[in-house]
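User: Got a minute to walk through this one with me? I'd like to pull it up and poke around a bit.

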Amino acid sequence: MTDTLTDPIYKTDSLIAEDIDAYLDVHQHKTMLRFITCGSVDDGKSTLIGRLLYDSKMIFEDQLAALEADSKRVGTQGQEIDFALLVDGLAAEREQGITIDVAYRFFATEKRKFIVADTPGHEQYTRNMVTGASTADLAVILIDARKGILTQTRRHSYLAHLIGIRNIVLAVNKMDLVGYDQAIFDKIVADYTEFAASIGITAFTPMPISGFKGDNITGPSENTPWYTGPALIEHLETVEVNSAVDADKPFRMPVQWVNRPNLDFRGFSGLIATGTVKPGDAIRVLPSGKTSTVSRIVTMDGDLDQAVAGQSVTLCFTDEIDCSRGDVIALADNPPQAADQFEATIVWMADEEMLPGRSYWLKIGTQMVTATVQQPKYQVNVNTMEHLAAKTLDLNAIGVANLSTDKQIVFEAYADNRTLGGFILIDKISNATVAAGMLHFSLRRAQNVHWQATDVSRDFHAALKNQKPAVLWFTGLSGAGKSTIANLVEKKLARMNRHTFLLDGDNVRHGLNKDLGFTDADRVENIRRVGEVAKLMTDAGLIVITAFISPFRSERDMVRQMMQPGEFIEVHIDTPLADAEARDVKGLYKKARSGQLKNFTGIDSPYEAPLDPEIRVDTVAMTAEEAADAIVARLIP
Amino acid sequence: MTDAKTLTHLERLEAESIHILREVVSEAEKPVMLYSVGKDSAVMLHLARKAFYPSPPPFPLLHVDTTWKFQDMYKLRDRMAQESGMELLVYQNQEAKDRGINPFDHGALHTDMWKTEGLKQALNLYGFDAAFGGARRDEEKSRAKERIFSFRTASHGWDPKNQRPELWNLYNARKAKGESIRIFPISNWTELDIWQYIHLNDIPIVPLYFSAKRPTVERDGMLLMVDDDRFPLEPGEVPVERSIRFRTLGCYPLTGAVESEAATLPEVIQEMLLTTTSERQGRAIDKDAGGAGMEKKKQEGYF
């Protein structure tokens, strides 16, 4: 194995031994570069990373001994050392010879510390690659010199560009296996140049390398005298990092935490996203728009004269203005905008497909809001970059869609500011991170379409009817008794001269929602429309009674959010599945059990019972009449 | 060399760690910092003090004690708790205590009961929903793939194949009742970064990291320090004074020393850079179950 080793890039052994203080001085002034390697095991990706770790002496003797033993046992390089085994960390990966997850590796030279995100190359791991790329300053796209540009090369390049990586290295690997032939290298570079331009990549750095033999990794290779560009490490050591670029942009800092140890100190802590800040700078707090002046930049090591993008600091102001977690502190005369409707690129990362219309948590910077995504405008085929029509997005799908948030968020286009333009979506029930997204722009209508103020107000409507509007939202299994009890409730209210309207599930599906089926996505849209109709009716002063299975907690909560506080009354018609199925008034359970009816709630589609409903009706203990009386008594005490 | 706008690698690492600490405090209900008194814990504690200055860090320190740590570790632990103004919680697994579980007679069971079980018991007892730990990704292969926010089921299990994607510096701290998060704010630091940061910031560490004459015996190729009179000497075994120090600290009967003359921080760093073995090599814990020892332990709830 020793014949393949080149000079280490950590050429500081002599300085370490002779003058450790001088060595430490050099190393405490290093900068840091984060990069991602894109390719598959076949392209020699793990081998390249193993090589970088090995050459920078990040592998110790005991690890090397274990590596040699592993190489002989499960390696793919015969008796030679298999660097790939160094980096494929999880037992499952070593056994299957693939990289499943994102792994982070570290090495350093005299000039820089490097963090490498090692991600798998296959299409089913698109989400892993996007994750690894999100923090990268640079992408190394690996190509097997024998194979040239493949579908996966195009995919990796598209993803790196999508996530905003400006520095791309085209590493044409395994040059040793093509006799270090310049013509092969030139052909690949020409092909790539053409492709790159077509997806908007204007600059990249090509280099001929061999991860296995070490050519053009740490210095110029004798085998490629025709190549005059930098070796990989030289390039990585000198390329500009993102934080340096961010420092030249206008100042923005999302507030993470308000620091208030006593009445005399009030500081706002956060990581500076872009720009620089000094005491005396005029700032504006968004979305409120209040202005003040920075009085101090506080750290445990003493106050600072200036702080720049990438630093975590605590700012104090000269005035006592409102500012809390989620707000953004920005340069007073050049602040970002706030909006609640956007176009965005979305990368779906969950096994369960996206449900247009469903409410998800959206986290952007330190802001957490509720968001709903519309049906995608299109999905992108990540191999061909073609736009495809799509109704939803499933695992690893990338698409463009409009989304709206329940309140205004402070934002910038992702292309200008990763912190104020990059977001994640979180499922409200499972709490899983289901998507990553990048804001393009706010939709004009969010800025220019205002609510039409009408002279006859909702209060006036209600006063005319001499009642307080409300929504009695019945939820429960099919056959629980929702429609029966709802009908009784409406009759009782009518007798009391109350103005009501009953929205029944089956009836609405014959008209307003006749285009919807029973998939999860359609169920979500069904409830959203019913919620909007119910809301209009409460504006008209009515007491609305709805009888829908409405199986998902997140949609019921969405409707609750639409209503005025206190107007949404969730009524859980609680019947055990066995009882509902035994009644089977419409014969639907029988059909569902026999497989004739798909997506039936309680059988092959879940019912999420309310955790804390305003009213719970136990239909086993109560008759329908008793239940209706109880509900009316709760509404009109 | 750098200009005023380009941060050094240590400045970037520090900023990232502080950001993580503040996110957890903002989003978790009841966080705690696991404090093992080693060099990584020392850095993590220092970062916490910086993150919330001038306030003291708004969470307690938890030491899951095995009763077998080095005496010098107990001393520094108590001193640092006092200096930082933080509450120190010390937890010892009562069952392990009652059964007299010890590293000499019980091997792997010792680590399992005192550390793994002890940690679970302590987290359940106090109801902590977020616990900071000082693990680094460069330590071990399964750590390299662990998230900074690492979720644990109600029974503290880890599922490496079902981890949440972590994009940019956006961390999703939401969880169901009973679930908890382990957070690793110094995930992206290397051993060299840790030492350099300790050096630059003059952070107090346990004196055992520095060479001194200490009583030792040699067993199974490991140099063990006779730290107190509970150390059972075998017939004919006599402790020998050697110049030794430790690269990593745990239970003293399980932690191998290295012979060394490095008595200052620069000398320690010098020795680390010139050495040819990795730091966990002195720990018995990683060696069982082939290459997947740590991965298996983590799935069972080890930190």
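**Chain B and its partner**

Analyst: Sure. Of the 303 residues in chain B, 52% count as buried. Keep in mind that this is a predicted model.

User: OK. How many helices and strands does chain B have?

Analyst: Chain B has nine helices and 10 strands. As for its contacts with a separation of 6 or more, 76% are between residues 24 or more positions apart.

User: What domains does chain B get?

Analyst: The assignment gives domain 1, covering 9-194 + 292-299, and domain 2, covering 207-284. Their C-alpha centres are 24 Å apart.

User: And how many residues of each domain are in contact?

Analyst: 15 residues of domain 1 of chain B are in contact with 15 residues of domain 2 of chain B. On the domain 1 side, α3 (71-84) and α5 (103-106) of chain B each supply at least two residues. α3(B) gives the most there, with three residues.

User: What's the chemistry of that domain 1 side?

Analyst: The side of domain 1 of chain B that touches domain 2 divides into six nonpolar, three polar and six charged residues.

User: Switching to the contact between the chains. How many residues does each chain put in?

Analyst: Chain B puts in 58 residues and chain A 59 residues. On the chain B side, the elements giving two or more residues are α1 (9-27), α2, α7 (191-201) and α8 (265-274).

User: Which one gives the largest share of that side?

Analyst: α1(B) does, with 11 residues. The chain B side that touches chain A divides into 22 nonpolar, 19 polar and 17 charged residues.

User: Now chain A. What's the strand order in the six-stranded open sheet?

Analyst: The order is β2-β3-β1-β4-β5-β6 of chain A, and the pairing is mixed. β2 (103-108) and β6 (205-208) of chain A are the edge strands, each pairing on one side only. On average, neighbouring strands of this sheet are turned by 25 degrees against each other, direction ignored.

User: Are β1 and β4 of chain A parallel or antiparallel?

Analyst: Strand β1 (residues 31-38) and strand β4 (residues 138-144) of chain A pair in the parallel sense, over four bridges. For a spot to click on, A:T37 has A:V140 in β4(A) as its bridge partner.

User: Let's do backbone oddities. Where are the cis peptide bonds you'd point me to?

Analyst: One joins A:L286 and A:P287, with omega about 5 degrees. A:P287 lies in the chain A loop between β11 (282-286) and β12 (290-298). Another joins B:Y53 and B:P54, and omega is about 5 degrees there too. B:P54 is in the loop between α2 (39-52) and β2 (61-64) of chain B.

User: Why flag those at all?

Analyst: Because most peptide bonds are trans, and most residues other than glycine have a negative phi.

User: Which non-glycine residues have a positive phi, then?

Analyst: A:M385 is one of them, with a phi of about 65 degrees. A:N466 is another, with phi near 55 degrees.

User: Where do they sit?

Analyst: A:M385 is in the loop between β19 (378-380) and β20 (387-388) of chain A. For A:N466, look in the loop between α14 (458-464) and β24 (470-475) of chain A.

User: And why does A:N466 count as exposed?

Analyst: A:N466 has 10 C-beta neighbours inside 10 Å, so this residue counts as exposed, the cut-off being 12 or fewer. A:M385 has 15 other C-beta atoms within 10 Å and is therefore partly exposed.

Key:
Residues numbered from 1 in each chain as written. Chains lettered and ligands numbered in written order. Predicted model: local features only at pLDDT ≥ 70, side-chain atom pairs only at ≥ 80, totals over all residues. Buried ≥ 20, exposed ≤ 12 C-beta atoms within 10 Å, placed from the backbone. Domains from an automatic or database assignment. Contact = placed C-beta atoms within 7 Å. Nonpolar A, V, L, I, M, F, W, Y, C, P; charged D, E, K, R; others polar. Pairing = 2+ DSSP bridges. Axes fitted to C-alpha atoms, helices over the stretch in contact; angles between N-to-C directions.
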